[in-house]
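Student: I've just opened this one and I'd like a guided tour. Can we go through it bit by bit?

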Amino acid sequence: MALLQFRKSPAHDGAAPEIAALLDGYSIEVMPRTADKVEDFRDLLPDGTRFYIAHIDGTPIGDMVATAARLAKGGFAAMPHFPARMIADKAMLADWIARYQGEAGVTQALLLAGGLDTPRGEFADSMQLLGTGLFDRAGFTRLHVAGHPEGSRDIDPDGSDRAVMQALRWKQAFSERTDAQMALATQFCFEAAPVIAWAERLRTEGITLPIHVGIAGPAKLQTLIRFSVACGVGASLRVLQKRARDVTKLLLPFTPDRIVADLAAYTAAHPGTNIAGLHVFPLGGIKTAAGWATQNGGAGAIPANHVEAVQ
């Protein structure tokens, strides 16, 4: 079994050790149009930081590939979205994979259903994308799929989680027969308790996939509420709603300090948990999110003492 070793992240004085440990190796989201506004990502983020490149409907694949190539050239790890419902057929999927690899050296991907209500072609979810075998044949080393700590009305309209759990069992089984490292990436949440309860339930169900918890970077409260409604964020939205009732806090930026501190305390006390790290959605801007992460001890590159086995 081969092991991957990564360099040690720089030390950060003043950051709580358990928070810095959880933030070490964090990833961050970007879109081509927002990436174009950043002159040099190396001024903001540590070398090796993993970027999820969000593929919003209407974004040309050429723009996605160009963004991945730019990030790779800058020393970052590019992980583009593959939204199943936007991909017409196996030929289009193969073309995207070939372009990402040939033009940007991509070997990582986030596979998800995507934001469309109706598929444009033959794929409706990430399992169908994985089932083509194209990512394994292309030698992808890391494949992330969606996790839903607060459920998903898109998958389970009746409010249950039967289909969600069935999908997770399928993904767990797939992870045991692929050579790629797999993990679950969640939508952004604002409260730790639902995430912790979900992670504990997965363990009891035999689902051991690492969980990368989505958090929203610092942003105006109104901005976060707008994105939360648009993205279907669930029960933890009450944290924002409660804050919105306090008029003295309406104009203050909301930070993920509370959820991160709670998750960090839990992971420090439960070293066997599935919760493996954080993924930052920079809803208030990449510069703001990167600054917050750095101040709290985060380093985007995976640290040397964090070793992951390649199956």
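Tutor: Sure, here are some questions and answers about this predicted model.

Student: How many helices and strands are there in the protein chain?
Tutor: Let's start with the whole chain, which has 311 residues, 50% of them buried. Among contacts with a separation of 6 or more, 81% join residues 24 or more positions apart. As for the elements, the count is 12 helices and 12 strands.

Student: What span does helix 8 reach from its first C-alpha to its last?
Tutor: Helix 8 covers residues 192-204, so with 13 residues at 1.5 Å a residue the expected value is 18 Å. The model comes close to that, with a reach of 19 Å.

Student: Which residues of helix 8 are buried?
Tutor: Buried stands for under 20% relative accessible area. The buried residues of this helix pack against several elements, including strand 6, helix 7 and helix 11. They are Ala192, Pro194, Val195, Ile196, Trp198, Ala199 and Leu202.

Student: What residue just after helix 8 takes a positive phi?
Tutor: Helix 8 runs over residues 192-204, so look a little further along the chain for a phi of about 80°. That residue is glycine 206.

Student: At what angle do helix 8 and helix 11 pack?
Tutor: Two packed helices are described by the angle between their axes and the distance between the axes. Here the crossing is right-handed, and the axes are 9 Å apart. The angle is about 30°.

Student: How many nonpolar residues are in the contact of helix 8 with helix 11?
Tutor: On the helix 8 side you'll find Ala192, Val195, Ile196 and Glu200, and they meet Ile259, Asp262, Leu263 and Tyr266 in helix 11. By class, that contact has no polar residues, two charged ones, and nonpolar residues numbering six.

Student: Which element gives the largest share of the largest nonpolar core?
Tutor: This core has 70 residues, and Phe41, Phe82, Phe135, Leu143 and Leu263 touch the most other members. Beyond its neighbours within four places in sequence, phenylalanine 135 has contacts that include Phe82, Leu93 and Leu143. The largest share of the core is six residues, and they come from helix 8.

Student: Is threonine 267 buried or exposed?
Tutor: Threonine 267 sits in helix 11. Leaving out residues up to four places away in sequence, threonine 267 touches Leu22, Thr273 and Ile275. Its relative accessible area is 15%, and the cut-off is under 20%, so threonine 267 counts as buried.

Methods
Residues are numbered from 1 along each chain as its sequence is written. This is a predicted model: local features need pLDDT of at least 70, side-chain atom pairs count only at pLDDT 80 or more; totals for chains, interfaces and linings use all residues. Side-chain values use heavy atoms; hydrogens and water are left out. Axes are lines fitted to C-alpha atoms, for helices over the stretch in contact, and angles run from 0 to 180 degrees between N-to-C directions. Helices (H or I, at least four residues) and strands (E, at least two) are DSSP runs, numbered from the N terminus. A crossing is left-handed if the near helix is turned anticlockwise from the far one by less than a right angle, and right-handed if clockwise. Contact means heavy atoms within 4.5 Å. Ala, Val, Leu, Ile, Met, Phe, Trp, Tyr, Cys and Pro count as nonpolar, Asp, Glu, Lys and Arg as charged, and the others, Gly among them, as polar. A nonpolar core is a set of buried Ala, Val, Leu, Ile, Met, Phe, Trp, Tyr and Cys residues joined through side-chain atoms within 4.5 Å. Buried means under 20% relative accessible area, exposed over 50%, partly exposed in between (1.4 Å probe, protein chains only).
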